[in-house]
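Let's walk through this model together, from its domains down to single residues. Please keep the structure open beside the text as you read.

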Amino acid sequence: MKYVLVSGGVISGVGKGIIASSTGLLLKTSGLKVTSIKIDPYMNIDAGTMSPIEHGECYVLDDGGECDLDLGNYERYLHITLRRDNNITTGKIYQQVIAAERRGDYLGKTVQVVPHVTGAIEEWVERVAKVPVDDSGEEPDVCVIELGGTVGDIESAPFIHAMTQLQRNVGKNNFFQIHVSYVPVIPPGASGEQKTKPTQRAVGDVRSAGLNPDLIACRCERPLEEPIIKKIANMCQVEHEQVFAVHDVSTTYRVPLLLEKQNLLPILRRKLQLDAITIPPTLVEQGKHMWKEWIGLATGQDHVFETVTIALVGKYISLHDSYMSVTKALEHAAMHCKKKLNLIWVDAEHLEDNASKPAEFHKAWHSVCTADGILVPGGFGERGTEGMIKAANWARTNKTPYLGVCLGMQVAVIEYARNVCGIQDAGSAEFDDPKTNKICPNPAIINMPEISNEVLGGTMRLGKRATTFQPGTEWSKFRALYGSAPELWERHRHRYEVKPELISTLEQAEGGLTFVGKGDGDKRMEIIEIKDHPWFVGVQFHPEYISRVLAPSKSYLGFFAAAAGSLEEITKEFSGRVDLSHLRVNLPEDGAVNGTN
């Protein structure tokens with residue numbers, strides 16, 4: 001097994017995940033089998049209970065694992081399927097070590113950070129690195145490990161020590177480290193000077209911790225000047241070819257091209273002795289085809305001028321990373337539709353009547369009314385939902401393409417119940433507040449009876465599950481994208497569902513709403529669609545989680561194509577293609593994924 005460690009210095013959030021994903025992509029395009037692991041030094045067991053405004057999106061895996069958004073980057077770039085164990089947190093490690101101590105596994109020894117915690121980390125990495133991540137069922141050749149945070153942080157110390165142990169135990173020809181450092185411009189702007197001192201200090205910190213970078217990836221706003229590269233190489237005691245400039249590019253999908261141009265793959269091949277690995281000719285050809293297609297999509301946007309405007313109506317828009325997979329799925333759809341994406345962020349609260357902030361109100365409504373398509377993504381809680389309901393109403397009544405995801409599907413049902421079925425007080429049980437005696441008298445959305453609201457971590461309906469297309473829905477524009485497939489498999493993350501007793505009322509109304517897809521033996525309403533509409537679709541699952549650069553989510557692709565006026569052409573092109581929803585995990589007999597950790 002070969003290991004590539006990507007660590008960071010100076011500041012966090014400079015793109016370690018994209019660089020790790022891009023490195024993995026280059027290795028995969030050479031025919032190697034690649035897996036990835038993300039290390040997060042926080043004490044949480046997983047990302048399931050963390051605020052999206054603080055931490056960014058919670059990404060969900062096939063097995064129901066709730067994890068860091070960088071695992072989404074790995075899956076999108078590498079076309080692999082990861083598991084919850086591919087995300088390591090301090091909470092998971094300490095939980096494992098303490099459980100082992102309680103069982104008596106340490107035979108009376110004093111349990112310490114070194115060697116027990118660090119040993120548990122190393123064992124976890126080596127075990128997970130061998131787990132197959134694709135249909136072949138074969139052990140990967142290379143594992144790319146991203147160490148979250150910044151080297152020097154107190155919470156990262158056990159993980160860095162574990163990586164030094166791993167480096168020593170696997171041997172120098174099986175371990176390669178990329179250290180990502182930020183090169184600031186002082187003063188900011190085109191005329192500012194690129195400063196190397198932060199990088200020098202960052203490399204010194206990582207070396208003092210026991211690791212010796214094989215490559216320094218310098219994140220910068222503009223290309224590094226040649227004297228700056230020479231200075232970094234000289235002051236950090238590395239060769240000129242070991243200093244990479246990862247400057248800002250038009251799209252993150254160009255980062256692999258940037259690394260390839262600087263000969264990352266030959267450097268990895270030489271240091272890790274990759275030529276000694278026997279690669280089947282079929283994988284070599286698949287890798288070449290993958291790279292050719294990637295280049296075409298990444299560079300194709302430079303020659304596209306027609307723009308499609310999508311209004312994303314959400315409640316966490318102050319941090320765009322809260323909707324990372326959603327925006328990436330839209331980008332994938334735009335690339336395959338050969339259009340440019342103009343994404344307008346609309347705060348759902350600004351769509352609600354608010355006389356004190358008329359400027360925000362009118363700006364938000366102008367964005368919604370002039371958009372080519374309206375997207376309402378997932379979320380939790382009541383805040384902003386009335387604005388989402390108004391956006392869904394506009395889309396339905398004005399024939400604007402609409403896609404509702406999870407909460408976005410539920411608010412579309414509430415809007416329809418109120419304005420078509422005449423249930424004026426329709427709402428959701430999610431918004432009940434027993435403390436203030438606020439209880440919805442006519443909930444269109446209810447709590448799933450088997451789901452606990454008392455324990456929050458890992459208790460939702462999580463992971464990949466089947467949705468079956470219903471008889472008599474052959475007219476569905478959504479279904480047409482799947483050709484003759486009777487079902488699809490998508491990832492879920494929710495506690496609430498459409499009230500079963502309301503289904504017949506909703507479907508019998510004259511507005512044309514139909515539950516096109518159902519799950520769990522037709523108990524759960526998964527897909528809604530309005531027949532006489534360019535595209536009005538709501539899905540209970542999160543299709544963005546399985547969207548890939550080379551295999552876009554059909555939910556987002558259909559929505560974007562409808563907004564672009566090219567749905568018929570895209571349906572003809574993609575209805576025969578197999579998307580990633582056909583890939584299944586080994587589930588328990590009842591078809592459910594265990595959502596606990």
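How many residues of domain 1 are in contact with domain 2? The answer is 28 residues of domain 1, which touch 31 residues of domain 2, where contact means heavy atoms within 4.5 Å.

## About the model

This is a predicted model, in which local features need pLDDT of at least 70 and side-chain atom pairs count only at pLDDT 80 or more, while totals for chains, interfaces and linings use all residues. Residues are numbered from 1 along each chain as its sequence is written, and side-chain values use heavy atoms, with hydrogens and water left out.

## Two domains and their interface

The protein is divided into domain 1 (2–298) and domain 2 (304–576), with bounds that come from an automatic or database domain assignment. Their C-alpha centres lie 34 Å apart. Between them, domain 1 and domain 2 bury about 2600 Å², and 58% of that is on carbon and sulfur atoms; buried area here is the accessible area (1.4 Å probe) that two parts lose on being put together, summed over both. On the side of domain 1, R76, Y253 and L297 lose the most area to domain 2, together 25% of what that side buries.

Polar groups take part as well. Five salt bridges are counted between domain 1 and domain 2, a salt bridge being a side-chain nitrogen of Lys or Arg within 4 Å of a carboxyl oxygen of Asp or Glu. Across the interface there are also 18 residue pairs in polar contact, both residues at pLDDT 80 or more. A polar contact is a pair of N or O atoms within 3.5 Å; within protein, one must be able to donate a hydrogen and the other to accept it, and residues adjacent in sequence count only if both atoms are side-chain atoms. One salt bridge to look up in the model joins the side chains of D62 and K464, at 3.7 Å from N to O.

## Helix α15 and its surroundings

Helices (H or I, at least four residues) and strands (E, at least two) are DSSP runs, numbered from the N terminus. Helix α15 covers residues 407–419, and its 13 residues should span 18 Å at 1.5 Å a residue, which agrees with end C-alpha atoms that are 18 Å apart. The expected span is 1.5 Å times one less than the number of residues. Of these 13 residues, 12 are buried, among them L407, M409, Y416 and R418. Buried means under 20% relative accessible area, exposed over 50%, and partly exposed in between (1.4 Å probe, protein chains only).

E415 meets R396 in a side-chain salt bridge of 2.8 Å, N to O. R396 belongs to helix α14 (residues 385–397) and E415 to helix α15, 19 residues apart along the chain. With a relative accessible area of 0%, E415 is buried, and R396 is buried at 16%. In the loop between β15 (402–405) and α15 you will find C406, which has a positive phi of about 60 degrees although it is not a glycine. C406 counts as buried at 6% relative accessibility.

## Salt bridges further afield

The structure holds 37 salt bridges. In one of them, D141 pairs with K33, the closest N and O atoms being 3.5 Å apart. D141 sits in the loop between α5 (113–129) and β6 (142–147), and K33 in the loop between α1 (16–29) and β2, 108 residues away. Both D141 and K33 are buried.

Another salt bridge brings together the side chains of E526 and R461 at 3.0 Å, N to O. E526 lies in strand β22 (residues 524–530) and R461 in strand β18 (residues 461–469), so the pair ties together parts 65 residues apart in sequence. Shared salt-bridge partners join E450, R461, R465, E497, D520, R524 and E526 into one network. E526 is buried at 0% relative accessibility, R461 is buried at 3%, and D520 is partly exposed at 25%.

## Backbone points to check

Most residues other than glycine have a negative phi, and most peptide bonds are trans. D520, in the loop between β21 (513–519) and β22, has a positive phi of about 55 degrees although it is not a glycine. A cis peptide bond joins V114 and P115, with omega about 15 degrees, and P115 is found in helix α5. A cis peptide bond also joins I186 and P187, with omega about -15 degrees; P187 lies in the loop between β8 (185–186) and β9 (193–194).
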